[in-house]
Every structure is written in structure tokens, then in C-alpha cells.
Amino acid sequence: MAFAHGKILLLGEHAVVYGRPALAAGLDRGMTASVVDGGGARLQIPAWGVDVSPADSSAVARAFAALLGALPGELGGPTVRVEPGIPGGAGLGSSAALAVATARALAAHAGFDLDDDALFDAAMAAERVFHGNPSGLDHAAAMHGGLLRYVRGMPPSLTPVVANTPLSLVVAQVAPGADTGAMVGGVAERRARLPVAIEAALDAIAALVDRAQHAVEVGDVVSLGEAMTVNHGLLAALGVSTPALDAACHAARAAGALGAKLTGAGGGGCVVALVDDASADPVVSALAESGGMVLRASVG
Ligand code: PMV
């Protein structure tokens, strides 16, 4: 059995593609993979009705093929079965967790050591099939869990962040997730048209990430919440919010959340709200009204 974490992006998505830092939180839930005997090389996710061979043409099949090709060592023809503990396509990092858990299961079954660099590179090969130009943030969070500051690079910089007090979050899926590659492409187009304004927004997001990290480290949840809310406004300026995501953030704050923002690529998907003991239940109720999945998470 091999496990990888789902994740929430606390701050910094999209800006991280352009070298700015981001803060990610690994979830306790994620994806669990194991190699089962027989059947040849296949990837099966029975809960999602997925059963593919690497020769198939679907994205998940091509990602599986890319992962097999990128892993060092002799794998044989393994059938990998995966049990999802997070919804797919919701911005919770399911594709990255799928890649990391599958790679870990394959390496354990074949009996070779997979160091962090080789695992990161193999998961990157799979993530490129889904996301085109991934920053690597999702699979770094899938590998390590916990709170993480991430800066893209060769090699990427990953710094664990130690929270003074655990953060209490509510995550709600407001709409089906949009295509991450298309959302990243939309920001690239806007940046090409409005380079000065968009670079300023990316720098402002980086400043909020620094402020939020400090707030996490000293336990200042009010400042963290404010940084998240302002980050949402800047994501809207990048063109990745929607009326439904904006409305959910407003509803969460009206119910007492300390801050709220979209999380992940935007265009749909999830919002994350920072809550305290008094606001947790009202925020869950307010966000449940949009009809999608709502989960509570404690991180740090
Ligand atoms: O929607 P998700 O969870 O795949 O998040 C994408 C995060 C982006 O910053 C938008 C893209 C990336 O590769 O970092």
C-alpha cells in the first residue's frame, strides 16, 4: 500500500508558475495505491470507473504511460489499483496524488528505492500530461504533506512551515473544476497583453505569501485570513475567478470566516475558508448551500 496526500493551496497559485512562492497544505486524505498480481500493465481506479492500459488514448492512460516511462528500474507489467480518498477534478490535487501514490507502489513492488528527486521527476512527467506546464507544487505537496512553502526552480525549493497553532479550514466545491492547463494558459495570455499590471499582481501575491507564512508561524489567524481574502481579489484580477467562486467567498466571510479564496486553478472547483471555533459550523452551513462537497481540515 502506498499513499500520497491531497492538497489545498493556501496562497500563491498561478503566481507560482512565474517563480513566486506559494503556500500549500497537504491533507490527511489522498490516494492509496497497491500493485495487484496479473492482468498486465493497467491502472485501475474502480471507484471512478477507470481501468486503462498505458497504450490507451485517455489522459489518465497517457499519464500512466509517462509515469512508467519516467521511473527508473525494471517494473515488469504491473496492475496498479488505486483507492481515492479525495474527489477528482476539484482542485484538491488528485492527479498529483495519483501519480505519487502509483509511483511509490510500483517502486515498492519492484523492490527499488525511489528517492525524492526521482519521485518528483516521475510525477512531473505524469502531471505534464494533465497540466501542460505544471509548477510541481501539487506533487511536492502530495509527496510531503504538512504545510509547505514552494518555489519553482531547478531544483525546486521546498521549505516546511511550522504553524504556531493548527489552522482550521473549510473547503467547498462550488462548481466542477476547470481545465488547469487552460486556466494557466489564460493567465499567460493576459500577462502577454498587460505585462506591467499582471507582473504587479504576481508580485503582490508573493508579498501576501510572505505575510501569510509569517502569520502562520506566529499564530496570527486574523492576518492570515486577510491575506487569503486579498489573494482572492488578485486571482480575480488574473481572470481565474467566477461569479460562483466570488459568491462562495463572500458567503463564507459573511458567516464569520476569517478569510476565503478560491483554491487551485480556478474557473470552477473549490474555495477554502479559514475559520475559528465560533465560525466553523456557520461557514460549513453557508458553503453547503452551493450543493457540492464540503470538508473540514485541520493543518499544521
Ligand atoms: O487546480 P490545481 O490544484 O491543479 O492547482 C494548479 C495550481 C496552479 O498554480 C494554477 C498551476 C501550477 O502548476 O502550479
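Biologist: What makes the pairing of D138 with the ligand a polar contact?

Modeller: In this predicted model, a polar side-chain atom of D138 sits 3.1 Å from an oxygen atom of the ligand. The cut-off for a pair of N or O atoms is within 3.5 Å, so the D138 pair qualifies.

Biologist: And how do you know that S135 and G91 belong with it?

Modeller: The side chain of S135 has an N or O atom 2.5 Å from a ligand oxygen. For G91, a backbone N or O atom is 3.5 Å from an oxygen atom of the ligand. Both values are within 3.5 Å, so both pairs count.

Biologist: How much of the ligand does the protein cover?

Modeller: On its own the ligand has 380 Å² of accessible area, and the protein covers 94% of that. Around the ligand there are 15 residues, with K7, H14, S135, D138 and A265 the closest. Two elements, β1 (2-11) and α5 (180-193), each give two or more residues to this shell.

Biologist: Which class does each shell residue fall into?

Modeller: Six are nonpolar, six polar and three charged.

Biologist: Where does the ligand sit?

Modeller: The space it takes is the largest pocket.

Biologist: Then why is the space lined by L43, F64 and F130, among others, called a cavity instead?

Modeller: A cavity is a space where a 1.4 Å probe fits but cannot get out, whereas a pocket is open. The structure holds one cavity of 30 Å³ or more, and the largest has a volume of about 60 Å³. Its lining has nine nonpolar, two polar and no charged residues. Helices α1 (59-70), α2 (94-110) and α3 (116-131) each supply at least two of them.

Key
Residues are numbered from 1 along each chain as its sequence is written. This is a predicted model: local features need pLDDT of at least 70, side-chain atom pairs count only at pLDDT 80 or more; totals for chains, interfaces and linings use all residues. Side-chain values use heavy atoms; hydrogens and water are left out. On a 1 Å grid over the protein atoms alone, a cavity is a set of points where a 1.4 Å probe fits but cannot get out, and a pocket is an open set with protein on both sides within 12 Å along at least five of seven lines; lining residues have an atom within 4 Å of a point. Grid points are joined across faces, edges and corners, and a volume is the space filled by probe spheres set on the points. Helices (H or I, at least four residues) and strands (E, at least two) are DSSP runs, numbered from the N terminus. Ala, Val, Leu, Ile, Met, Phe, Trp, Tyr, Cys and Pro count as nonpolar, Asp, Glu, Lys and Arg as charged, and the others, Gly among them, as polar. A residue is near a molecule or strand if one of its heavy atoms lies within 4 Å of it. A polar contact is a pair of N or O atoms within 3.5 Å; within protein, one must be able to donate a hydrogen and the other to accept it, and residues adjacent in sequence count only if both atoms are side-chain atoms. Accessible areas come from the Shrake-Rupley method with a 1.4 Å probe; for residues, only the protein chains shown count as cover. A molecule sits in a cavity or pocket if more than half of its atoms lie within 2 Å of its grid points.
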